[in-house]
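Student: I have a protein model open on my screen, and I would like to learn how to read it. Could you walk me through it, one feature at a time?

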Amino acid sequence: MATNLQFIKSETVTSGSSNFSVTNIFSAEYDVYYISLDAGQSGIAASDINARLLDSSSAEISNSNYDYANLRHTLGGSTTSEEKATGGDKFAKFIGLAARTQANAGNGGSVYIYNPFSSSSYTFVNGNSIDSLGAYGSRYIGVLKETTSCTGIKFIPNNASATLKTFRVDVYGVK
């Protein structure tokens with residue numbers, strides 16, 4: 001795979017939000033995108049971040065066409081768990097987060113997204129995440145099984161009452 005990253009966009013939430021969209025990032029210029037996520041403080045009760053792709057009008061794609069699998073490991077690999085589902089309305093637990101409210105705590109992840117802008121192929125994702133205190137990490141794969149041309153992505157805490165206190169997304173095209 002090519003490793004030349006071309007910076008596209010950076011977006012940051014600094015005050016707490018119940019969701020966060022990054023729009024106008026996918027185009028015909030690239031087939032593969034790399035997204036770096038720094039969740040910083042995840043906020044009260046925030047654990048795990050779901051994601052939905054956005055269509056060309058920045059509307060959420062919420063049809064039941066998302067499939068995913070997630071493998072989680074605890075510190076030292078003493079415990080692993082697998083989650084998987086088909087026919088969901090989002091990429092569930094897209095980035096695994098520990099609920100952290102301490103100023104020095106954070107969570108991060110990296111994700112590759114394949115063919116999001118293509119209207120003739122499915123969109124695939126794979127990535128990993130870890131919390132800064134080393135409690136666990138996760139590996140993720142997923143597919144949106146429809147041929148909608150996507151131009152953005154929306155991040156949503158798994159817990160509906162949670163907020164994202166600090167959250168940064170950096171998007172790169174892969175050449």
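Tutor: Happily! Let's begin with an idea we will need: a nonpolar core is a set of buried Ala, Val, Leu, Ile, Met, Phe, Trp, Tyr and Cys residues joined through side-chain atoms within 4.5 Å. Keep in mind that this model is predicted.

Student: Which residues touch the most other members of the largest nonpolar core?

Tutor: That core has 32 residues, and those touching the most other members are Leu53, Phe91, Phe94, Ile153, Phe155, Phe167 and Val169. Strand β7 gives the most to this core, with four residues.

Student: What is the overall make-up of the chain, in helices and strands?

Tutor: You will find zero helices and 12 strands. Of the 175 residues in the chain, 45% are buried. Contacts tell us about the fold too: among those with a separation of 6 or more, 75% are between residues 24 or more positions apart.

Student: Let's look at β7, then. How many of its residues are buried?

Tutor: Strand β7 covers residues 91-95, and four of the five are buried. To place a strand, also ask what it pairs with. Here β7 pairs with β4, residues 49-55, in the antiparallel sense over two bridges. One partnership to find on screen is isoleucine 49 with isoleucine 95 in β7.

Student: What is phenylalanine 94 in contact with, leaving aside its neighbours within four places in sequence?

Tutor: Its contacts include Ile49, Asn50 and Ala51, and also Val111, Val125, Tyr140, Ile153 and Phe155.

Student: Now the rings. How many aromatic pairs are there?

Tutor: When the centres of two rings lie within 6.5 Å, we call them a pair. The count here is 12 aromatic pairs. Take tyrosine 66 and phenylalanine 91: their centres are 4.8 Å apart with 80 degrees between the planes, which is edge-to-face. Tyrosine 66 sits in strand β5 (residues 66-74) and phenylalanine 91 in strand β7, 25 residues apart. Both of these residues are buried.

Student: Which pair is stacked?

Tutor: One of them is tyrosine 68 with tyrosine 140, at 5.6 Å centre to centre and 5 degrees between the planes. Because tyrosine 68 lies in strand β5 and tyrosine 140 in strand β10 (residues 136-144), this pair ties together parts 72 residues apart in sequence. Tyrosine 68 and tyrosine 140 are buried as well. Ring pairs also join Tyr66, Tyr68, Phe91, Phe94, Tyr140 and Phe155 into a cluster.

Student: And the charged side chains? How many salt bridges does the whole structure have?

Tutor: There are 10 salt bridges. In one of them, aspartate 89 meets arginine 52, with the closest N and O atoms 3.0 Å apart. Aspartate 89 is in the loop between β6 and β7, while arginine 52 is in strand β4, 37 residues away.

Student: Why does arginine 52 count as buried?

Tutor: Buried means under 20% relative accessible area. Arginine 52 has 14% relative accessibility, so this residue counts as buried. Aspartate 89, at 28%, counts as partly exposed.

Student: Where else can I see a salt bridge?

Tutor: Try glutamate 60 and lysine 154, whose closest N and O atoms are 2.6 Å apart. Since glutamate 60 lies in the loop between β4 and β5 and lysine 154 in strand β11, the pair ties together parts 94 residues apart in sequence. To finish, trace the network of salt bridges that links Arg52, Glu60, Asp89, Lys90 and Lys154.

Definitions and conventions. Residues numbered from 1 in each chain as written. Predicted model: local features only at pLDDT ≥ 70, side-chain atom pairs only at ≥ 80, totals over all residues. Heavy atoms only, no water. Buried < 20%, exposed > 50% of the residue type's maximum accessible area, 1.4 Å probe, protein only. Pairing = 2+ DSSP bridges. Phe/Tyr/Trp six-rings, centres within 6.5 Å; stacked < 30°, edge-to-face > 60°. Contact = heavy atoms within 4.5 Å. Salt bridge = Lys/Arg side-chain N within 4 Å of Asp/Glu carboxyl O.
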